[in-house]
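This report introduces a protein structure to a reader who has not met it before. The sequence and the model are shown first, and the description follows.

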Amino acid sequence: MSVLHDTRSYHLNHPIDLMTEFTVCESLGSPGSPTLRALGMPKSYGAVLGERLRDRGLFGKGCRICEIGGGYGSLMRGLLEAHRDDVDRVVMVDLSRALIGIQRRALEPWQDRVSFVLGDALELLPAISGVDLFLVNEMIGDLPVWTGLDPKNLPPEARSVIRRYRLAVPEAGPFHFNIGAIRLVEAVCRKGVPAFLSEHSSDPVIPRTMPFLVKGLATDGWPREIRLTSHSEYTIRFSHLEQVARALGREVETGSLLELIGYSQAEKARFIFNARACATDEQALVFEFLDHVREYRWLIIR
Ligand SMILES: C[S@@+](CC[C@H](N)C(=O)[O-])C[C@H]1O[C@@H](n2cnc3c(N)ncnc32)[C@H](O)[C@@H]1O
């Protein structure tokens, strides 16, 4: 039986504990983090993301950024620490009052240029203006998902979206469909503003230099449930998001998050990953990170 899975009332009332979830933002949150040290990388995720977006011409002097679902504010803190002179304005949009409070404290040094909006991104996006770039990091997996779908008996909303964008679905069900992530991509596309999104994917891209990371992973799969404390999120079928953005006249670029952050110690990674070598704390951190992040994909819409 198909059911619309919706975590919005959960996020509204229970701030998620990001320490019980593995998030790239928190693991690579500050230059001294144990995971960054184990990976031999000097810069925080926010700092590196700023560089990658600058390389692609999406970020630079005077930039006005809107981050949707900023959690503890770690990505934005890292980005502002490294690129403060380039950022003119920041708007943080989040459904959780408690997390907005944490973000406000994390971003206090830049309080003159940061504002906070409490609400559901799917409802608020059409009203947001004066933004040059949207950042949506590890948030779309929390948006509504049609679960348990039968391809031959789809609910009208799912059927019309699948037909409109000619999205592939499996021949036999049940399968899950990221309707909320698609609605968010539609809303971003209508704004005509570039966006960076990242999330766990059901169709991950494996870095060319680390083919061993594919072991046990479906690279053309359908969204699967990830059970977390008191709620679930779903992996994202990124090829669907790409197709929606293209159909709405936007250009897209996508790839592996591991590649984007610039982790390049392929030989060391191969040894630790294949041998599941966790003899030292450093190896254990690298293994945990690789095992997790290999499923992550990013998407730039411009
Ligand atoms: C898994 S956390 C990710 C936090 C952070 N971006 C990171 O990468 O660690 C999801 C974030 O999205 C927010 N969120 C979930 N659903 C939302 C919605 N419909 N509108 C706005 N924010 C939402 C949550 O409150 C939380 O801040």
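In what order do the three strands of the open sheet lie, and how are they paired? The order is β1-β6-β7, and the pairing is antiparallel. Because β1 (3-5) and β7 (175-177) stand at the edges with a single partner strand each, one side of each has no neighbour in the sheet. Neighbouring strands of this sheet are turned by 25° against each other on average, direction ignored.

The model is predicted: local features need pLDDT of at least 70 and side-chain atom pairs count only at pLDDT 80 or more, while totals for chains, interfaces and linings use all residues. Residues are numbered from 1 along each chain as its sequence is written. Helices (H or I, at least four residues) and strands (E, at least two) are DSSP runs numbered from the N terminus, and two strands pair if DSSP finds at least two bridges between them.

**The seven-stranded sheet**

Another open sheet has seven strands, in the order β4-β3-β2-β5-β8-β12-β11, with mixed pairing. Its edge strands are β4 (114-118) and β11, each of which pairs on one side only. The twist averages 15° from one strand to the next.

Strand β8 is mostly covered, with six of its six residues buried; a residue is buried if 20 or more other C-beta atoms lie within 10 Å of its own, exposed if 12 or fewer, and partly exposed in between, with C-beta atoms placed from the backbone. Strand β8 (residues 195-200) is joined to β12 by six bridges, and these two run antiparallel. Here Ala195 has Ile301 of β12 as its bridge partner, and Phe196 stands opposite Ile300 in β12. The pairing of β5 (residues 133-137) with β8 is parallel and rests on four bridges, with Asn137 partnered by Ser198 in β8.

The table gathers four strand pairings of the model.

| Strand pair | Bridges | Direction |
|---|---|---|
| β6 and β7 | Two | antiparallel |
| β8 and β12 | Six | antiparallel |
| β5 and β8 | Four | parallel |
| β9 and β10 | Four | antiparallel |

In the pairing of β6 with β7, Trp146 has Phe177 as its bridge partner in β7. Strands β9 and β10 form a hairpin with two residues between them, and Ser230 in the turn has a positive phi of about 60°. Within this hairpin, Arg227 stands opposite Ser232 in β10.

**Helix α10 and the core**

Helix α10 (residues 238-247) has Phe238, His240, Leu241, Val244 and Ala245 buried. Seen down the axis of α10, these buried residues fall within an arc of 155°, so they line one face of the helix; the arc is that of the directions from the helix axis to the C-beta atoms. Among the elements covering the buried residues of α10 are α9 (179-191), β11 (252-256) and β12 (296-301). Just after α10, Gly249 takes a positive phi of about 85°.

The largest nonpolar core (a set of buried Ala, Val, Leu, Ile, Met, Phe, Trp, Tyr and Cys residues joined through C-beta atoms within 7 Å) has 78 residues, and Val185 and Leu241 have the most contacts inside it. Helix α9 gives the most to this core, with six residues. Apart from neighbours within four places in sequence, Leu241 is in contact with Ala181, Ile182, Val185, Ile236 and Leu299, where contact requires C-beta atoms, placed from the backbone, to lie within 7 Å.

**Helices α12 and α13**

The axes of α12 and α13 come within 9 Å and cross at roughly 85°. Axes are lines fitted to C-alpha atoms, for helices over the stretch in contact, and angles run from 0 to 180 degrees between N-to-C directions. The two helices α12 and α13 are therefore roughly perpendicular to each other, a description used for angles of 65 to 115 degrees. Their contact is made by Ala269, Ile272 and Phe273 of α12 and by Gln283, Val286, Phe287 and Leu290 of α13.

Ala277 lies in the loop between α12 (266-275) and α13 (281-293). Why does Ala277 count as partly exposed? The reason is that Ala277 has 14 C-beta neighbours inside 10 Å. Leaving aside neighbours within four places in sequence, Ala277 is in contact with Phe271, Ile272 and Gln283. The C-alpha atoms of Ala277 and Gly262, 15 residues apart along the chain, are separated by 22 Å.

Conventions. Two residues are in contact if their C-beta atoms, placed from the backbone, lie within 7 Å. Angles under 35 degrees count as roughly parallel, over 145 as roughly antiparallel, 65 to 115 as roughly perpendicular and the rest as oblique.
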